[in-house]
Amino acid sequence: MIEFDAVRKEYPGGTVAVAGFSLRVPSHSVVALVGSSGSGKTTLLRMVNRMVEPTSGAVRIDDVDVRSLDPVGLRRSIGYVLQAGGLLPHRTVADNVATVPVLAGRSRREARADALGLLERVGLDPALADRYPAQLSGGQQQRVGVARALAADPDILLMDEPFGAVDPIVREQLQAELRALQAELGKTILFVTHDVDEAFALADEVVVLRAGAEIAQRGTPTEILAAPADDFVAAFVGAGTARRTLRIRELDGRRVVVDGDDRPTGVLEADAREGAP
Amino acid sequence: MNLVLDALAWLLDSANWDGRGGIGARILEHLGFSAAVVAAACAIGIPAGVAIGHSGRGRSLVIVLTSGARALPTLGLLTILGLALGIGLDAPFLALLVLALPPVLAGAYAGVESVARETVGASRAIGMTEWQLVRGVELPLAAPVLLGGVRSAALQVISTATLAAYVADTGLGRPLFEGLKTQRYDMMLGASLLVALLALVVELGFQLVQSAAARRAEPHRAPSGARERISA
Amino acid sequence: MTWLSQNLHIVWGLLADHLLLSVPPILLSLVISVPLGRLAAGSRRWRTPLLTGTGLLYAIPSLPLFIIIPAITGFALRSPATIITALTLYGCALLVRGAADAFASVPEDVRLAAEATGHSRWASFWRVELPLAGPVLLSSLRVVVVSTVSLVTVGAVIGTASLGTLFTDGFQRGIEASILTGIVLTVVVAVVLDALCVLAGRAAMPWRRTVSA
């Protein structure tokens with residue numbers, strides 16, 4: 001469990017990145033911090049592994065204040081996925097994945113062997129192990145980033161705009177794979193994104209942030225979409241736009257879902273609870 | 001072209017190669033002295049430049065030093081130190097060190113500075129200590145630019161070590177000045193050709209080392225990085 | 001200071017000699033390097049030989065070059081022509097690369113736009129490419145200015161008069177004031193000529209308020 005307890009971050013010069021923020025991220029759940037740039041979401045994420053120290057307040061992991069932990073050891077115990085992977089350009093894919101275990105003292109041979117398994121796990125051909133990051137596509141680099149974060153088998157994964165640098169088709173694919181991986185691994189995942197659809201696609205709980213990391217609304221994706229707390233959240237999630245206002249049209253006994261512009265988006269299947277009319 | 005032939009004849013005359021003060025000994029002297037100066041410049045300049053690049057503190061110092069050193073006339077430095085420290089190798093060593101330090105410092109600084117911020121941030125985020133970050137990430141990625149600085153320094157030192165013979169009895173500048181004084185153009189020109197050749201060999205050697213470093217730093221698109229060069 | 005006041009007329013003369021040896025190679029290397037740099041930037045075939053050649057040229061130490069040039073050209077060893085030729089070669093060694101980088105920095109779409117709006121190649125070079133290459137070109141020219149002014153002094157050891165003569169005379173006669181005067185004046189000349197370049201750059205490129213070094 002990750003707990004933010006009234007954290008505040010003020011930079012010299014008076015800029016307030018986080019005005020006062022509290023949140024509990026339950027173990028084994030996926031929580032998304034969503035907001036536009038300047039909302040302080042990345043600052044919050046970085047407080048967890050002490051890349052940023054709060055001016056006041058505390059971040060606790062399983063009731064231990066992170067300030068009492070050695071930052072380097074703390075960071076090695078937490079998986080971190082960055083936009084575009086944040087890979088080391090001069091090391092091969094396998095060496096990148098093996099970085100943290102090797103830093104922690106595992107032999108390079110063992111760590112590389114484990115890396116091959118992790119590559120398969122994130123959907124990469126182990127034949128890519130000896131390539132360099134720049135020889136991979138954006139989506140492949142992103143997968144390597146996820147594999148590297150998993151290499152030390154951390155309980156917590158932090159993801160900073162993890163799939164922001166890849167095209168929409170690959171992004172959806174990566175999101176689906178992450179969901180499958182999470183169903184299997186059950187990590188505690190905290191991620192930040194400016195893409196509300198990504199938050200809805202991945203998170204158990206979504207936290208919508210205003211400037212200064214003020215919480216505008218938190219809840220499951222369904223709750224937020226069903227009842228945006230105010231105009232800010234409504235505008236942010238696009239409530240009321242053609243894309244979000246779906247209706248059903250009947251065609252030859254099939255029920256087709258269309259959006260506000262009458263564009264079809266899918267077919268409604270009979271649901272056991274609802275029952276066919 | 002007669003002059004060149006005479007010079008070649010002087011160069012190829014085995015009598016000129018032997019003994020103390022012979023061409024062979026002078027070449028070794030020249031290279032050994034230059035190597036010592038460059039090593040000293042690296043010992044001071046690389047840690048300092050890496051520290052400045054890593055911490056981002058002291059940037060203006062690098063800029064002032066590099067542009068200042070370019071304007072400083074080498075011969076003036078050599079002669080003033082020669083007067084102050086007397087005949088011997090101290091004066092040229094110090095003068096050459098003053099010349100070699102700025103490019104090494106600037107290369108190390110610029111190399112570390114050029115490492116992408118995201119790469120540095122990501123390395124910290126996954127739990128590298130500052131030392132591991134410097135050794136495992138910044139230094140290998142900075143290597144091509146850093147070596148470019150060392151290369152500039154080495155060339156400048158080899159070049160200026162010739163001039164050092166004006167104030168001290170050392171290196172290939174010696175036969176050059178002797179020829180100048182005694183009006184022996186063959187000796188003067190022969191020594192000049194030899195120094196030029198030496199500089200070219202060192203330059204080419206550094207090019208090879210630098211492209212090897214670039215292959216390591218950017219394994220996927222070598223050797224374009226090898227062309228980085230810090231002008232001194 | 002007494003030394004300087006007693007030798008003021010000599011120092012003035014050497015300063016004039018120094019300027020006569022520094023300014024021509026700077027201008028000559030600019031005139032030669034711009035077309036060569038454009039050639040290197042525009043043609044793959046010319047790029048490698050030009051840049052490798054000038055790079056190797058730059059590696060040759062100045063003093064040996066002062067002695068090699070008379071052997072090839074037939075100039076007298078102590079003549080200004082020898083120094084000017086050598087320093088022009090150095091200037092080109094730096095500037096051809098600088099000019100190539102400068103022309104390469106002109107965005108391709110701007111070049112295409114010039115062509116599309118009916119500029120001939122000649123007009124495009126003068127009115128579009130050269131002005132846009134200006135800032136990068138200027139920063140390499142400044143490096144050439146400063147290093148040329150410093151290198152002129154080396155000619156003193158073969159007997160060509162310049163501010164460097166203050167070093168050789170001062171060293172042989174043990175007069176520190178002479179050497180110090182030479183160092184200060186050489187740096188001053190470099191700084192003044194560099195400042196002139198910056199001012200000329202500002203006048204010629206009013207759209208760039210700041211010019212980076």
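What share of residues 187–206 of chain B is helix, what share is strand, and how many Å separate the end C-alpha atoms? In this predicted model, the stretch is 100% helix and 0% strand, and its end C-alpha atoms lie 29 Å apart. With that as a way in, let us walk through the chains and the places where they meet.

**Chain B and its annotated spans**

The stretch just described is one of several that UniProt, in an unreviewed entry, labels "transmembrane region" in chain B: residues 31–53, 60–87, 93–112, 145–167 and 187–206. Residues 31–53 of chain B are likewise 100% helix and 0% strand, with 30 Å between the end C-alpha atoms. An unreviewed UniProt entry also gives chain B the annotation "domain: ABC transmembrane type-1" over residues 27–206. Taken over that whole range, chain B is 85% helix and 0% strand, while the end C-alpha atoms are 18 Å apart.

**Chain C**

Chain C has nine helices and zero strands, so to speak a plain read along the sequence: α-α-α-α-α-α-α-α-α. Along the principal axes, its C-alpha atoms fill a box of roughly 65 × 40 × 20 Å. The feature "transmembrane region" comes from an unreviewed UniProt entry here too, at residues 12–34, 55–77, 83–104, 143–167 and 179–200 of chain C. The label "domain: ABC transmembrane type-1" is placed by UniProt (unreviewed entry) at residues 15–197 of chain C.

The table sets out the backbone make-up of spans from these annotations in chains B and C.

| Span | Helix | Strand | Distance between end C-alpha atoms |
|---|---|---|---|
| Residues 31–53 of chain B | 100% helix | 0% strand | 30 Å |
| Residues 187–206 of chain B | 100% helix | 0% strand | 29 Å |
| Residues 27–206 of chain B | 85% helix | 0% strand | 18 Å |
| Residues 55–77 of chain C | 74% helix | 0% strand | 25 Å |
| Residues 143–167 of chain C | 52% helix | 0% strand | 23 Å |
| Residues 15–197 of chain C | 84% helix | 0% strand | 19 Å |

**Where chain B meets chain C**

Two pairs of chains are in contact, and chains B and C share the most contacts. Here 38 residues of chain B touch 39 residues of chain C. Together they bury about 3,400 Å², and carbon and sulfur atoms give 77% of that area. Zero salt bridges are counted between chain B and chain C, along with three residue pairs in polar contact, both residues being at pLDDT 80 or more. On the chain B side, at least two residues each come from α1 (2–12), α3 (59–71), α4 (74–85), α7, α8 (173–181) and α9. Of these helices, α9(B) makes the largest contribution, with 11 residues. By class, this side of chain B holds 26 nonpolar, eight polar and four charged residues.

**Where chain B meets chain A**

The contact between chain B and chain A draws on 19 residues from chain B and 20 residues from chain A. The area buried between them is about 1,600 Å², 70% of it on carbon and sulfur atoms. Zero salt bridges are found between chain B and chain A, and five residue pairs are in polar contact, again with both at pLDDT 80 or more. The elements of chain B that give two or more residues to this side are α6 (117–125), α7 (130–164) and α9 (185–217). The largest share, six residues, belongs to α6(B). The side of chain B that touches chain A divides into nine nonpolar, eight polar and two charged residues.

What about chain A and chain C? No contact joins them, and their closest C-alpha atoms lie 24 Å apart.

**Inside chain A**

Chain A is split into domain 1 (2–237) and domain 2 (240–277). Their C-alpha centres are 34 Å apart.

Across all chains, the structure has 31 salt bridges. One to look at is in chain A, where the side chains of Asp153(A) and Lys187(A) meet at 2.7 Å, N to O. Asp153(A) sits in the loop between α6 (138–150) and β7 (156–160), and Lys187(A) in the loop between α7 (168–185) and β8 (188–193), so this pair ties together parts of chain A that are 34 residues apart in sequence. As a general point, side chains of opposite charge can pair when their charged atoms come close.

Key:
Residues numbered from 1 in each chain as written. Chains lettered and ligands numbered in written order. Heavy atoms only, no water. Contact = heavy atoms within 4.5 Å. Buried area = accessible area lost by both parts, 1.4 Å probe. Salt bridge = Lys/Arg side-chain N within 4 Å of Asp/Glu carboxyl O. Polar contact = N/O pair within 3.5 Å; in protein donor to acceptor, adjacent residues only side chain to side chain. Helix = DSSP H or I, 4+ residues; strand = E, 2+ residues; numbered from the N terminus. Nonpolar A, V, L, I, M, F, W, Y, C, P; charged D, E, K, R; others polar. Domains from an automatic or database assignment. UniProt positions renumbered as here; feature names shortened; annotations may be inferred.
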